[in-house]
Amino acid sequence: METQHAETSDPTTAVVARRPWVLLDRLGHRNDHVIAEDATVASSRTSTGKDIQVSFRFAAPPATSRLYLGWVGGPSKENSSFAYPRVIAAHADSVLLQLTDPPRIDYFVYKAGSGGPPSLSLLPQSTDIRYSGGPALTRGDQRQRMVDRKAIGVLRRRADHAFAVAELSKAGGEGTPVAFELCVLISPGPASTSCKTWELRHPQVRDAKGFQVRTLTCWETDAVVPVGGRSLCWVDYYHGLLLGHVLQSGVTGSVLTYVPLPVDTPWAKPDHGQECSEESRSLGVVNGDTVRFANVDRGPLSIFTLTVWTLNNASMEWDKDGELRAADLWAFSGYENLPHVPPEYPVVSMDDPDGLFFLVSEGRHAGAGPAADNTVWLVEVDTMGRAVRSVARYSKEETTTRTSRLAIPDDDDDDLASVSMFHGLAFLPSEVSKYPSRSDDPTVLHRDQPSSQRNLGSILPRPRVPFRLSVE
């Protein structure tokens, strides 16, 4: 069949200012005869020798961007949930993808063009693993690693093109002191051929003052965030952060620094996202290396407080940037017709300290009745200008078919755009969109977007006032 190009269900094509980052849908789109964008295409083979081809379709946030997979001979879409690719992690020009072709689980690193063609590299199986600085694991020690998608990250060092892929897991059994394992694969650069085996590290956990930490017995990783080109940051939204310099070897590469979160654990608090912590909490990085944390603290009915902190790199302590109560947010210019319910899945902007993204839906609110509007809105606000910048709308039909991945039609891209959030997988911020080579004007991003997405910044000017703290 002739290769086609992906289209949205809405023929409207928007031209928007180029954004150096996008929100990736973690659940990819499968179509064996569709290319999303020519400049993003890369090909490879699975560990079983099957040809695959991937491409991306980018859209400016708050609209979502997604991966397209062509996999002739792959698992049937009608009979297998393994037919669809997963976007696991991203940093700079690289995206880590997962494909499952039972019994094999394959990982690929996609690298954007950066002036040349993109590439897609199959990583070695994680059963081929050595102890850090030592021999290969014995057969009794070998087991399948790289299975916890939320605990896997990728770190790219642009200076020498090195990258690392790492998974953090807990080691030991009940009644033993808490210990962690790092399964790490390092590619030193394009000229090296040493990216063949994984390395198993047993890192020490220390706080910012260097004291050993032994109290993380209940740790469960919710997300992995790259910080600059130096560290991967594993996040447990109920316990804190673990930062590690995974690209370094020796003692430095075997220490994790623990930083507690600036909020209490929300145990026993109703409707606070216990089932999915990402509904109410998010850690991100702005301008490459500034770590920020957003938290939505819900009260009864529609009461909430949205607070943002920045991590001080010197003291490793949190500085409170400000907070918004329900009345504050609802008073923003452009918010008049949006649902007055608590925001969900907050995301801090990667390039603008004043930018904040989130989802709102009257029908998803715990107190919604049968007549509630199920329309889902993805919203971008300017916390300094106190205005809504942009909104992407997804209709009722796009948010109710959630019984299984297999129920999603091939051409229902809008459904795919919002499906991740309803499976407890927040969208993934990524800078991969700014690297592919393009023949069009580099200052403009031509993207198919839902006609309901609208940029309000230019038509709703507001005086810039500080993102001030609310006062009791």
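Here are four short exercises, with worked solutions, on the structure above.

The model is predicted: local features need pLDDT of at least 70, side-chain atom pairs count only at pLDDT 80 or more, and totals for chains, interfaces and linings use all residues. Residues are numbered from 1 along each chain as its sequence is written, and side-chain values use heavy atoms, leaving out hydrogens and water.

**Exercise 1. The whole chain**

Task: Find how many helices and strands the chain has, and what percentage of its residues is buried.

Solution:
- Step 1. Look at the elements: there are 2 helices and 33 strands. Helices (H or I, at least four residues) and strands (E, at least two) are DSSP runs, numbered from the N terminus.
- Step 2. Turn to burial: of the 472 residues in the chain, 55% are buried. Buried means under 20% relative accessible area, exposed over 50%, and partly exposed in between, with a 1.4 Å probe and protein chains only.

**Exercise 2. Two salt bridges**

Task: Which parts of the chain does the pair Asp-101 and Lys-50 tie together, and which does the pair Arg-292 and Asp-321?

Solution:
- Step 1. Begin with the idea: side chains of opposite charge can pair when their charged atoms come close. A salt bridge is a side-chain nitrogen of Lys or Arg within 4 Å of a carboxyl oxygen of Asp or Glu, and the count here is 15.
- Step 2. Take Asp-101 and Lys-50, whose salt bridge has an N to O distance of 2.9 Å. Asp-101 lies in strand S10 (residues 94-101) and Lys-50 in the loop between strand S6 (42-45) and strand S7 (51-57), so the pair ties together parts that are 51 residues apart in sequence.
- Step 3. Check their burial: Asp-101 is buried at 13% relative accessibility, while Lys-50 is partly exposed at 26%.
- Step 4. Now take Arg-292 and Asp-321, which meet in a salt bridge at 2.7 Å, N to O. Arg-292 is in strand S24 (residues 290-298) and Asp-321 in strand S26 (residues 318-325), so this pair ties together parts that are 29 residues apart in sequence.
- Step 5. Check burial again: Arg-292 is buried, with a relative accessible area of 7%, and Asp-321 is partly exposed at 26%.

**Exercise 3. A network of charges**

Task: Which residues are linked with Asp-382 in a network of salt bridges?

Solution:
- Step 1. Start from one pair: Asp-382 forms a salt bridge with Arg-389, with the closest N and O atoms 3.4 Å apart.
- Step 2. Ask about burial: Asp-382 and Arg-389 are both buried.
- Step 3. Widen the view: the network links Asp-382 with Asp-352, Glu-380 and Arg-389.

**Exercise 4. Ser-430 and Lys-209**

Task: Is Ser-430 buried or exposed, and is Lys-209 buried or exposed?

Solution:
- Step 1. Place Ser-430: this residue is in strand S31. Its relative accessible area is 2%, so Ser-430 is buried.
- Step 2. List its contacts (heavy atoms within 4.5 Å). Leaving aside neighbours within four places in sequence, Ser-430 touches several residues, including Pro-20, Trp-21, Ala-90 and Met-350.
- Step 3. Compare sequence and space: Ser-430 and Ala-89 are 341 residues apart along the chain, and their C-alpha atoms are separated by 8.6 Å.
- Step 4. Place Lys-209: this residue is in the loop between strand S18 (204-207) and S19. With a relative accessible area of 74%, Lys-209 is exposed.
- Step 5. Finish with a distance: the C-alpha atoms of Lys-209 and Tyr-258, 49 residues apart along the chain, are separated by 9.8 Å.
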